[in-house]
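Colleague: Thanks for making time for this one. Could we go through how the fold is put together, one packing question at a time?

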Amino acid sequence: MLIGKLSRRTGVSRRLLRYYEDQGLLQAGRGPNGYRAYGEDAVTVVARIRFLLDAGLTTEVIQAVLPCVDDDTLDLASGADWCAELRDLLAGQLAALDERLSCLQERRTSLAGLLGRS
């Protein structure tokens, strides 16, 4: 399918689809006319990318996670080969998110104190 059709089916802009391709997250062939041509599985791949981005992962981390997901569902937990290295990577990402949440809570508490609110 062409990039316009993939964009319509996924709700992701053409620009973002090209970015995902540049980052090695999405593969496209080229037709005789030079246009990008995506397989039917691209819709699922884009949905996975969006899910992982929404979970706070960077494109670099997503690049490591996507090859471990080999089924056609969006249920990443059941379709992933969670090797120890990948688990450690994701655990590190979770720890970093927890640290950022803690920092934000401390800032919120300080700001609320300045305003006389709890």
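Colleague: Which residues of helix 2 does helix 1 meet?

Modeller: Bear in mind that this is a predicted model. On the helix 1 side, the residues involved are Ile3, Gly4, Leu6, Ser7 and Arg8. By class, this contact has three nonpolar, two polar and three charged residues. The partners in helix 2 are Arg14, Leu17 and Arg18.

Colleague: Are helix 1 and helix 2 roughly parallel or roughly perpendicular to each other?

Modeller: Helix 1 covers residues 3–10 and helix 2 covers residues 14–22, with the axes 9 Å apart. Their packing angle is about 105°, and angles of 65 to 115 degrees count as roughly perpendicular. The two helices are therefore roughly perpendicular.

Colleague: And what is the angle at which helix 2 and helix 3 pack?

Modeller: Here the axes are 12 Å apart. This pair, too, is described as roughly perpendicular. The angle is about 85°.

Colleague: How many charged residues does the contact of helix 2 with helix 3 have?

Modeller: From helix 2 come Leu16, Leu17 and Tyr20, and they meet Val46, Ile49, Arg50 and Leu53 in helix 3. Six residues of this contact are nonpolar and none is polar. The number of charged residues is one.

Colleague: Which helix supplies the largest share of the largest nonpolar core?

Modeller: That core has 22 residues, and Leu6, Leu17, Tyr20 and Leu26 have the most contacts inside it. Helix 1, helix 2, helix 3 (42–54) and helix 4 (59–65) each give at least two residues to this core. The largest share, six residues, comes from helix 3.

Colleague: Leu17 keeps coming up; which residues is it in contact with, leaving aside neighbours within four places in sequence?

Modeller: Leu17 takes part in the contact with helix 1 and also in the one with helix 3. Its full list of partners, with those close neighbours left out, is Ile3, Leu6, Ser7, Val12, Leu26, Tyr38 and Val46.

Colleague: Let's turn to Leu25: does it count as buried or exposed?

Modeller: Leu25 sits in the loop between helix 2 and strand 1 (29–30). Not counting residues up to four places away in sequence, Leu25 touches Tyr20, Val45, Ile49, Thr59, Ile62, Gln63 and Leu66. Its relative accessibility is 3%, and the cut-off is under 20%. Leu25 therefore counts as buried.

Colleague: What separates the C-alpha atoms of Leu25 and Ala64?

Modeller: Along the chain, these two residues are 39 apart. In space, their C-alpha atoms are separated by 9.4 Å.

Colleague: Stepping back to the whole protein, in what order do its elements run?

Modeller: There are five helices and two strands. Buried residues account for 28% of the 118 residues, and about 7900 Å² is exposed, 53% of it supplied by carbon and sulfur atoms. From the N terminus on, the order is α-α-β-β-α-α-α.

Definitions and conventions:
Residues are numbered from 1 along each chain as its sequence is written. This is a predicted model: local features need pLDDT of at least 70, side-chain atom pairs count only at pLDDT 80 or more; totals for chains, interfaces and linings use all residues. Side-chain values use heavy atoms; hydrogens and water are left out. Axes are lines fitted to C-alpha atoms, for helices over the stretch in contact, and angles run from 0 to 180 degrees between N-to-C directions. Helices (H or I, at least four residues) and strands (E, at least two) are DSSP runs, numbered from the N terminus. Angles under 35 degrees count as roughly parallel, over 145 as roughly antiparallel, 65 to 115 as roughly perpendicular and the rest as oblique. Contact means heavy atoms within 4.5 Å. Ala, Val, Leu, Ile, Met, Phe, Trp, Tyr, Cys and Pro count as nonpolar, Asp, Glu, Lys and Arg as charged, and the others, Gly among them, as polar. Buried means under 20% relative accessible area, exposed over 50%, partly exposed in between (1.4 Å probe, protein chains only). Accessible areas come from the Shrake-Rupley method with a 1.4 Å probe; for residues, only the protein chains shown count as cover. A nonpolar core is a set of buried Ala, Val, Leu, Ile, Met, Phe, Trp, Tyr and Cys residues joined through side-chain atoms within 4.5 Å.
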